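Let's take a friendly walk through the charged side chains of a protein model. Please have a look at the sequence and the structure first.

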Amino acid sequence: MQEKNGGFIMKHRRSHSVLAIMVAVVLVAGAATQQVHSKIVTNVPQDISEKELIARVVEDFEQQKDWKLESNPKQNPDPKKNPVPVLEMKYITGAPSALEPEKWSPDKKGMEAKQCLGMHFRFKYPGNNSVHLLPPPEVRWDDPTKAVTTFDSGLQKEVQERALQLPGRAKAISIWTHGRGNAYTLEVWVKDFQGDVHILPMGSLNFVGWRPMKAEVPEYIPQEVNSYPQTKVTKIMRFVIRSDPEAIVEDVYFFFDQLKVLTDTFEVNFDGQNLHKAFEGGNNKGQQ
């Protein structure tokens with residue numbers, strides 16, 4: 001009886017040891033999680049606007065801008081060798097009847113629905129053909145008068161690449177698309193602040209009429225850091241219209257309207273958060 005009790009005591013102690021180890025592991029894991037997901041702590045406590053999730057129009061195609069159309073394979077100046085006999089883009093009067101103009105917009109985008117962007121192309125041969133729609137040269141999303149340059153390692157110089165900056169931390173991207181039942185798919189390419197490009201599928205274009213198409217922005221795409229400013233710019237590099245290799249060769253028409261992003265625009269607020277701007281544009285007032 002005593003030996004059995006001793007065995008019970010040993011088992012009881014072992015169970016306490018296992019429990020203590022499990023608790024320690026949970027505490028360590030919890031501490032590690034807190035470090036990974038740490039936020040900037042300021043002297044201004046967060047209010048109910050800590051998350052400002054809004055749907056914002058970033059391009060409505062109401063103004064004729066320098067969007068560019070390319071193809072793969074590329075066009076050849078020699079008509080006899082040209083694999084893409086037709087490749088053209090136009091701003092056209094028309095819009096989806098279901099598209100509701102914005103009632104309020106900080107930059108007036110989306111408040112009209114009068115025109116859209118049209119594309120017309122034809123490939124000579126079937127195969128892995130694609131058409132690429134590139135945004136205008138990059139400018140700041142919050143101040144379109146300021147150009148943005150990026151260092152090109154190949155050219156070894158700063159260049160203004162074609163890109164469309166997205167405000168805040170993007171959650172989803174949508175664009176109204178008019179299809180004619182052609183066997184193509186649509187994808188959007190986005191570039192994060194570290195220079196990595198991510199291809200986000202938006203779905204099949206094999207439908208007739210206007211339809212909003214959407215791509216979720218995955219959580220693994222980095223859009224913030226643990227220093228101020230937390231939010232880092234993510235930008236659209238291109239839309240790609242990709243053919244089914246078995247698609248028949250014919251004239252193809254697609255139309256785009258109102259490009260919108262669902263985004264979290266919240267940024268921390270604290271005293272002196274704009275002091276760094278004294279160093280921008282040659283201003284030396286920050287030395288005082």
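The text below turns to salt bridges and then to one buried acid.

This is a predicted model, in which local features need pLDDT of at least 70 and side-chain atom pairs count only at pLDDT 80 or more, while totals for chains, interfaces and linings use all residues. Residues are numbered from 1 along each chain as its sequence is written, and side-chain values use heavy atoms, with hydrogens and water left out.

Side chains of opposite charge can pair when their charged atoms come close. A salt bridge here is a side-chain nitrogen of Lys or Arg within 4 Å of a carboxyl oxygen of Asp or Glu. The structure holds 16 of them, including these:

| Pair | N to O distance |
|---|---|
| R162 and D66 | 3.0 Å |
| E112 and K114 | 3.5 Å |
| R122 and D251 | 2.8 Å |

R122 lies in strand β4 (residues 115-122) and D251 in the loop between β15 and β16, so this pair ties together parts 129 residues apart in sequence. Strands are DSSP runs of E with at least two residues, numbered from the N terminus. R122 is partly exposed, with a relative accessible area of 26%, and D251 is also partly exposed, at 35%. For these words, buried means under 20% relative accessible area, exposed over 50%, and partly exposed in between (1.4 Å probe, protein chains only).

Now for D257: which side chain of opposite charge is nearest? That is K260, 11 Å away, and D257 is buried yet has no salt bridge. In this count, Lys and Arg are positive and Asp and Glu negative, while His and the chain ends are not counted. D257 is found in strand β16 (residues 252-264).

Conventions. Helices (H or I, at least four residues) and strands (E, at least two) are DSSP runs, numbered from the N terminus.
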